[in-house]
Amino acid sequence: MDQLVNVNSFEYKYERLENSELIAIIRNSRNFQPLAVETAYIELQRRALPPEQLKEINDEFNFYLKRKVTKQTQELNSPKPQQAKKAPVNQQFFSAKRVIGIVSLTVLAVYFITLAEGDTAVLRMITESSSYRPSFLFVVIPYLMLPLGAIGFGLRKQLGWIMLSWAVMYNALKQAYFLKKDLDIKLNDRYADIISTDEVIRNLIVISFFVLISVIVCLPGIRAKMKTSILTMVLTMVAAVGFLALQVMKVI
């Protein structure tokens, strides 16, 4: 279709050129595209030219055709350069997008495992209106922020990042606070039997989990994916520390 348009455009233009202009195109065929040269030759054939001039035009055009055929033959016979194989693009396993998905699913999995293990006291409190006291906020807010934040984090929402980061930082600090209390009791010869070593180890594992998630969600690549600034990260940390301090001090 494009070729037909070009032919029509050359024919329309060349019909209005002088003989000398068309002859010049054929004589200087190296400087014109083949379609232009051939269209000029066809246009000259339509015109009443002297035999001597017509012979000169035919000789020039035959020379053009010979050069064109030679060039095409050389192109067909010459080996085509092998295209360099593009190396496959290796996607990093720990890309920001993949890490976000892993963190979100892991947190949700841990949350539902704790529910399956019987940790449903907060859920029961939520369904009972008698539990609704100011101190209840200290229990229910972190409890709900963890799964809701994980879902929002998995959807790559900035609010989801804030909620999940706040929840995991708060839980890491809270578990560390209780671990300190447990260790004080464990190191006391009189009360050492109250807390078992398994409980201490379990607490350490929980702390390690929340600390690990806290570090991961604050990595520059993850924050960039969530469009989260350093200021937002710092304010989230401060809020987590402040909430725990209020809970410990019972100030409300």
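How many aromatic pairs does the count come to? In this predicted model, the count comes to 10 aromatic pairs. A pair of aromatic rings is described by the distance of the centres and the angle of the planes. One of the pairs joins Trp 166 and Phe 243, with ring centres 5.0 Å apart. The planes of these two rings stand at 75°, and since angles over 60 degrees count as edge-to-face, the pair formed by Trp 166 and Phe 243 is edge-to-face. This contact links distant parts of the chain: Trp 166 belongs to helix α8 (residues 158-186), while Phe 243 belongs to helix α11 (residues 230-249), 77 residues apart. Both Trp 166 and Phe 243 are buried.

A further pair is made by Tyr 177 and Phe 178, again edge-to-face, at 5.7 Å centre to centre with 65° between the planes. Tyr 177 has a relative accessible area of 31%, so this residue is partly exposed. Phe 178, with 41%, is likewise partly exposed.

Trp 166 and Phe 243 also turn up in a wider grouping, as they form one aromatic cluster together with Phe 138 and Tyr 170.

Turning to the surface, a nonpolar patch of about 370 Å² is worth a look. Its makers are Leu 144, Leu 148, Ile 151 and Leu 155. Of these, Ile 151 sits in helix α7 (residues 136-154). Ile 151 counts as partly exposed because its relative accessibility is 44%, and buried would require under 20% and exposed over 50%.

Conventions
Residues numbered from 1 in each chain as written. Predicted model: local features only at pLDDT ≥ 70, side-chain atom pairs only at ≥ 80, totals over all residues. Heavy atoms only, no water. Patch = residues over 30% accessible without salt bridge, like charges linked within 9 Å, V, L, I, M, F, W, Y side chains within 5 Å. Areas by Shrake-Rupley, 256 points an atom, 1.4 Å probe, with all protein chains shown as cover. Salt bridge = Lys/Arg side-chain N within 4 Å of Asp/Glu carboxyl O. Helix = DSSP H or I, 4+ residues; strand = E, 2+ residues; numbered from the N terminus. Buried < 20%, exposed > 50% of the residue type's maximum accessible area, 1.4 Å probe, protein only. Phe/Tyr/Trp six-rings, centres within 6.5 Å; stacked < 30°, edge-to-face > 60°.
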